[in-house]
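Here are some short exercises to work through with the viewer open. Try each one yourself before you read the solution.

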Amino acid sequence: MDTHDASTQHPQTPAQPEAPVGPRDSSRTPRFAGAASFALLPLLDAVGTADIAVAGVPFDSGVSYRPGARFGPAHVRESSRLLRPYNPAQDIAPFAVQQVADAGDIVANPFDLDEAMEQVYQGAKDLLTRAGRLAVIGGDHTIAYPLLRAVAEKHGPVAVLHADAHLDTWDTYFGAPLTHGTPFRRASEDGFIDLSASAHLGIRGPLYGKADLADDARLGFQITTSEFIEEHGVAAAIDRLKQRLAGKPVYISVDIDVLDPAHAPGTGTPEAGGLTSRELLRIIRALSDQQVVGVDVVEVAPAYDHAQLTGIAAAHVLYELISAMGAEKARPAR
Ligand SMILES: [Mn+2]
């Protein structure tokens, strides 16, 4: 970020990194006015480079049930207008300790899934030349595959923390190897994930058979179910996840259907008995001591949403993830 040549600096004025450009000033422009970038942050093109780029992927050609997550990025941005600059729950100003900017959307072909996956991969790779980390708004869960491909290229196999009602490690649907129910099987097979440190959170609901669980374990995932949280509490779930992630580079992928439909009705494959938004936010906060190298929040389908419930939940989840990613930078200043 700092482009000053140290040799031209006066000795009494050591080089200072430029302060991050924050969200639009809501004391001058009402939050409800103008176009919505995520959290009313500046666009990446306006700031050039960023520590974290927020990018949308309006793509839902991989869904097996209700379509509509292609409208997720616009809905989450629209639902993020009320996010304020200081996060007391993590004692951090996430847009002041790091440059966060909205990179707009990565365009993906809605009629050709293979081409779309290549576009998401290339789009993520290109953004990673201008931003240290990506925070992606989906889009259906298929996009986790090309995103993990780009992240693994940079960091090696990553510990994936996958919050979802579903395993998403199934094999094929109608013979198709890449759908929103299969990205983590393909990512595991292709070596993008650390098989000893990856985990699902919030799994629940009916499966096709018991073999699904055996396959899933073989593909590298430990499961913390929704029932585990009910039985043992959030603190025990956090301990279990931290032991599993074990200080590795972590990629966090949040399918908004990890939340109960009461908290997030606007999604493609809802399952009863899920987490509350309060439980999920607390778990994310507890991971601020991890090395989080990338995140996504996917499967927001606004056509089934009511009063922005799902959009607001997703916006807060992303805000908490961005805060957790900033914790490392904030620490020395405290
Ligand atoms: Mn999913």
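**Exercise 1.** Which residue lies over the face of Tyr 121, and at what distance from the ring centre?

*Solution.* Keep in mind that you're looking at a predicted model. Start at Tyr 121 and look over the face of its ring: you'll find Arg 149, at 3.5 Å from the ring centre. Now try Tyr 304: over its face lies Arg 66, at 4.4 Å from the ring centre.

**Exercise 2.** Find the residues that coordinate the manganese ion, and work out how they are spaced along the chain.

*Solution.* Step one: go to the metal and list its partners. They are His 141 through ND1, plus Asp 164, Asp 168 and Asp 255, each through OD, at 2.1 to 2.3 Å. Step two: put these donors in chain order, and you get the spacing H-x22-D-x3-D-x86-D. Step three: look at where two of them come from. Asp 168 is in the loop between β4 (159-163) and α5 (183-189), while Asp 255 is in strand β7 (residues 249-255), so this pair links distant parts of the chain, 87 residues apart. Step four: check burial, and you'll see that both Asp 168 and Asp 255 are buried.

**Exercise 3.** Decide how the rings of Phe 95 and Tyr 319 are arranged, and say which parts of the chain they tie together.

*Solution.* The structure holds 4 aromatic pairs, and this is one of them. The ring centres are 5.8 Å apart and the planes sit at 70°. Planes over 60 degrees apart count as edge-to-face, so that's what this pair is. Next, locate the partners: Phe 95 is in the loop between α2 (72-78) and β2 (100-105), and Tyr 319 is in helix α10, so the pair ties together parts 224 residues apart in sequence. Both Phe 95 and Tyr 319 are buried.

Now repeat the steps for Phe 184 and Phe 221. With 6.0 Å centre to centre and 80° between the planes, they form an edge-to-face pair too. Phe 184 sits in helix α5 and Phe 221 in strand β6 (residues 221-225), 37 residues apart. Phe 184 and Phe 221 are both buried.

**Exercise 4.** Describe the largest nonpolar core, and trace the contacts of Leu 318.

*Solution.* First, the core itself: it has 51 residues, and Phe 38, Leu 280, Leu 318 and Ile 322 have the most contacts inside it. Helix α10 (residues 309-330) gives the most to this core, with 9 residues. Then zoom in on Leu 318. Skipping neighbours within four places in sequence, Leu 318 touches Phe 38, Val 54, Ala 135, Ile 137, Val 295 and Val 297.

Technical notes
Residues numbered from 1 in each chain as written. Predicted model: local features only at pLDDT ≥ 70, side-chain atom pairs only at ≥ 80, totals over all residues. Heavy atoms only, no water. Core = buried A, V, L, I, M, F, W, Y, C linked by side-chain atoms within 4.5 Å. Buried < 20%, exposed > 50% of the residue type's maximum accessible area, 1.4 Å probe, protein only. Helix = DSSP H or I, 4+ residues; strand = E, 2+ residues; numbered from the N terminus. Contact = heavy atoms within 4.5 Å. Donors = N, O, S within 2.8 Å, 3.2 Å for Na, K, Ca; no water. Phe/Tyr/Trp six-rings, centres within 6.5 Å; stacked < 30°, edge-to-face > 60°. Lys NZ or Arg CZ within 6 Å of the ring centre and 35° of its normal.
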